[in-house]
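The following exercises are to be worked with the sequence and the structure at hand. Each task is followed by a solution in steps.

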Amino acid sequence: MTLTVRAPAKINLHLGVGAPREDGFHPLATVYQAVGLYDDLTVVDADGWSVDVAVSDWMDRGQVPLGGDNIVDRAAALLAAHHGLEVRGTAHVDKSIPVAGGMAGGSADAAAALVALDRLWDAGTTDDDLLELAARLGSDVPFALIGGSALGTGRGELVERVADHGSWWWVLVPSPTGLSTPEVYRHFDRLRPDAPAVPPVPEALLDALDAGVPHALAATLHNDLQEAALDLRPDLGRLIEAGESEGALRGMVSGSGPTCVFLCEDPDAARAVAGGLQEQYDVVLVAGGAVAGAHTVTYG
Ligand code: C5P
């Protein structure tokens, strides 16, 4: 048997970050949106277990952990242990989501692996158990399972769908070199020693999302990690200015960066902004949101 599961990248429309907890993680109030840029994971029945990863030409393959250390290995081991099964199969990941880019590409792979291997092994994992296993693999993995637009609390792993009546258009500009998420959080701690214990839920942004009005959403986009990411990577500030002067409603750093995302009025505006940025930046992508979480695309 072989099957392919596709899982989306995420943007944080709002990323509110609090002071670090005892376990070192930061409390979040975040609004995720899944966008149309995907990693595909194909699993095939086999004796033994192996994982290989192919990346888009422009990505730095060296940043993808292999040799048993990939998040797909961890997802497989966790799911197998949960059911008392042996880890079996071959897994192949085709990456289009930037590596170490602030778009939860690793989390997408983990979510895809849980969905694909659950089916390959006929394990019948309940949705609640899948979400619980996902949370153990990483803070953004539960969201990669549910997709759409969702509020994330806790360390980001507690997710609930929110009303979204928009059709949103984004221009995405990945960076050839990644940023380390823990490093960006550490820098945030230095810059914001006064961060709250529990960051507030962004009601105005949730209203804009529900209303589906691009200008209203643009006015409420916010990322508490942006200042830290820009401090570590000042070139991103120039990129955000360039996208806004090409006509984007708003530009921002995605999650912990370094990918920058630009909200545009409609598909034509997104193509125009992308065209302008392509004169200065090698890789410029257009994606719509919100899209589905991890789902099977081929099965046989
Ligand atoms: O949960 P995940 O493995 O994706 O997190 C990667 C790293 O990002 C953590 O080890 C931690 O340094 C940082 N992080 C954090 N607070 C969060 C989520 C992630 O400090 N809410």
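**Exercise 1.** Locate Asp 122 among the helices, and decide whether Asp 122 is buried or exposed.

*Solution.* Step one: Asp 122 is found in the loop between H2 and helix H3 (127–137), where helices (H or I, at least four residues) and strands (E, at least two) are DSSP runs numbered from the N terminus. The model is a predicted one, in which local features need pLDDT of at least 70, side-chain atom pairs count only at pLDDT 80 or more, and totals for chains, interfaces and linings use all residues. Residues are numbered from 1 along each chain as its sequence is written.

Step two: Asp 122 counts as exposed because it has 9 C-beta neighbours inside 10 Å. A residue is buried if 20 or more other C-beta atoms lie within 10 Å of its own, exposed if 12 or fewer, and partly exposed in between, with C-beta atoms placed from the backbone.

Step three: the phi angle of Asp 122 is near 50°, a positive value in a residue other than glycine.

**Exercise 2.** Find where Ala 104 lies, and state whether Ala 104 is buried or exposed.

*Solution.* Step one: Ala 104 lies in the loop between S4 and H2. Step two: although Ala 104 is not a glycine, its phi is positive, at about 60°. Step three: Ala 104 is buried, because 31 other C-beta atoms lie within 10 Å.

**Exercise 3.** Which residues does the UniProt annotation "binding site" cover, and what do Gly 101 and Ala 108 touch?

*Solution.* Step one: according to the unreviewed UniProt entry, the annotation "binding site" covers Pro 98, Val 99, Ala 100, Gly 101, Gly 102, Met 103, Ala 104, Gly 105, Gly 106, Ser 107 and Ala 108. UniProt positions are given in the numbering used here, feature names are shortened, and annotations may be inferred rather than shown by experiment.

Step two: Gly 101 is placed in the loop between strand S4 (89–95) and helix H2 (105–120). Gly 101 counts as buried because it has 25 C-beta neighbours inside 10 Å. Not counting residues up to four places away in sequence, Gly 101 touches Pro 174, Gly 178, Pro 258 and Thr 259; two residues are in contact if their C-beta atoms, placed from the backbone, lie within 7 Å.

Step three: Ala 108 lies in helix H2. With 35 C-beta neighbours inside 10 Å, Ala 108 counts as buried. Residues up to four places away in sequence aside, Ala 108 touches Ala 7, Pro 8, Ala 9, Asp 39, Ile 97 and Ala 144.

**Exercise 4.** Determine the surroundings of Gln 63.

*Solution.* Step one: Gln 63 is found in the loop between strand S3 (49–55) and helix H1 (71–83). Step two: Gln 63 is partly exposed, because 14 other C-beta atoms lie within 10 Å. Step three: leaving aside neighbours within four places in sequence, Gln 63 is in contact with Val 99, Ala 100 and Gly 178. Step four: Gln 63 and Thr 177 are 114 residues apart in sequence, and their C-alpha atoms are 9.0 Å apart in space.

**Exercise 5.** Describe how H1 and H2 pack.

*Solution.* Step one: two packed helices are described by the angle between their axes and the distance between the axes. Step two: H1 and H2 pack at an angle of about 35°, with their axes 8 Å apart. Axes are lines fitted to C-alpha atoms, for helices over the stretch in contact, and angles run from 0 to 180 degrees between N-to-C directions.

Step three: on the H1 side the contact is made by Ile 71, Val 72, Ala 75, Ala 76 and Leu 79, and on the H2 side by residues including Gly 106, Asp 109 and Ala 110. Step four: the residues of the contact of H1 with H2 divide into 9 nonpolar, 1 polar and 2 charged. Here Ala, Val, Leu, Ile, Met, Phe, Trp, Tyr, Cys and Pro count as nonpolar, Asp, Glu, Lys and Arg as charged, and the others, Gly among them, as polar.

**Exercise 6.** Where do Pro 258 and Ala 290 lie, and which peptide bonds are cis?

*Solution.* Step one: the peptide bond from Gly 257 to Pro 258 is cis, with omega near 5°. Pro 258 is in the loop between strand S9 (250–253) and strand S10 (260–264). Step two: a cis peptide bond also joins Gly 289 and Ala 290, with omega about 0°. Ala 290 lies in the loop between strand S11 (285–289) and strand S12 (295–299).
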